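Visitor: I am new to protein structures. Could you take me through this one in short steps?

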Amino acid sequence: MKKLLVILAVVLMPLAASAQFEEGKVYSGASLTGLNLSYSGAEKFNIGLQGQLGYFVADDVQLYVQGGWQHAGDDLKFDQVELGGGGRYYIIQNGIFLGANCKYVHGAGGYNDVMPGVEVGYAYFISRTVTIEPVVYYQQSFKDHSDYSKVGFRIGFGIYL
């Protein structure tokens, strides 16, 4: 009986999540980035906060703006501020999404960069509207590919209204 209930819950979970990815819904999210889970040639330590505000322009298609703060490097003198936007496509209503974005990064010491990126993640619903969202991402640096491009992991929370 327990196996049947678990199978039923797994089969019905995408149906419950599907209502959240409809046109006209609003998304708000926040994430903790880095925690030494990203890598670039110039940074040994990395931690940051990021916020997003999005809108579903069509079923399964979200556009968003994002802002964030990033601390990178071994000393406490290299902070960055980020501002950008992007989009996500939620695959077949199951919570897996593909994303593309671009952000402008301004840092201490005259560091400025434009960084387009791609991501793949999963919106795991812990309630009807709240998700935990693990994401694997890649950010390409226009300033210096080998030192500033990043591959990383972040985890965040999302609210779908």
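Visitor: Which residues make up the largest nonpolar core?
Guide: This is a predicted model. In soluble globular proteins, nonpolar side chains tend to be buried together. Here the largest nonpolar core has nine residues. They are F21, Y27, F56, Y90, F97, A123, F125, V135 and Y160.

Visitor: Leaving aside neighbours within four places in sequence, what is F56 in contact with?
Guide: F56 is itself a member of that core. Sequence neighbours within four places are left out of its list. What remains is Q20, F21, E22, E23, G24, K25, Y27, V61, Q62, Y90 and Y160.

Visitor: Which side chains of strand 8 are buried?
Guide: In a regular strand the side chains alternate between the two faces of the sheet. Strand 8 covers residues 130-139, and its side chains do alternate. V130, I132, P134, V136 and Y138 point to one face and are not buried. Pointing to the other face, and buried, are T131, E133, V135, Y137 and Q139.

Visitor: How many bridges join strand 8 to strand 9?
Guide: Strand 9 spans residues 150-160 and pairs with strand 8 in the antiparallel sense. One bridge partnership links E133 to G156 in strand 9. The number of bridges between these two strands is 10.

Visitor: In strand 8, what is the bridge partner of E119?
Guide: Strand 6 holds residues 111-122. It runs antiparallel to strand 8, and five bridges join them. For E119, the partner in strand 8 is Y137.

Visitor: How many residues sit between strand 7 and strand 8 in their hairpin?
Guide: Strand 7 consists of residues 124-125. It pairs with strand 8 in the antiparallel sense, over two bridges. Y124 stands opposite I132 in strand 8. The hairpin these strands form has a link between them of four residues.

Visitor: What is the phi of D60 near?
Guide: D60 lies in the loop between strand 2 (46-58) and strand 3 (61-72). Most residues other than glycine have a negative phi. D60 is not glycine, yet its phi is positive. The value is near 70°.

Visitor: Is D60 buried or exposed?
Guide: Leaving aside neighbours within four places in sequence, D60 is in contact with F21, R88, Y89, Y90 and Q93. Its relative accessibility is 12%. The cut-off for buried is under 20%. So D60 counts as buried.

Visitor: What distance separates the C-alpha atoms of D60 and E23?
Guide: Along the chain, D60 and E23 are 37 residues apart. In space, their C-alpha atoms are separated by 7.4 Å.

Visitor: Which strand gives the most to the nonpolar patch?
Guide: The surface patch is made by V26, L53, Y55, V57, L63, V65, I159 and L161, and its area is about 710 Å². The elements that give two or more residues are strand 2 and strand 3. With three residues, the top contributor is strand 2.

Visitor: How does L63 count at 47% relative accessibility?
Guide: L63 lies in strand 3 and belongs to the nonpolar patch. Buried means under 20% and exposed means over 50%. L63 has 47%, so it counts as partly exposed.

Visitor: What pattern does the protein chain follow along the sequence?
Guide: The chain has two helices and nine strands. Buried residues make up 39% of its 161 residues. Read along the sequence, the pattern is α-β-β-β-β-β-β-β-β-α-β.

Technical notes:
Residues numbered from 1 in each chain as written. Predicted model: local features only at pLDDT ≥ 70, side-chain atom pairs only at ≥ 80, totals over all residues. Heavy atoms only, no water. Core = buried A, V, L, I, M, F, W, Y, C linked by side-chain atoms within 4.5 Å. Buried < 20%, exposed > 50% of the residue type's maximum accessible area, 1.4 Å probe, protein only. Contact = heavy atoms within 4.5 Å. Pairing = 2+ DSSP bridges. Patch = residues over 30% accessible without salt bridge, like charges linked within 9 Å, V, L, I, M, F, W, Y side chains within 5 Å. Areas by Shrake-Rupley, 256 points an atom, 1.4 Å probe, with all protein chains shown as cover. Salt bridge = Lys/Arg side-chain N within 4 Å of Asp/Glu carboxyl O.
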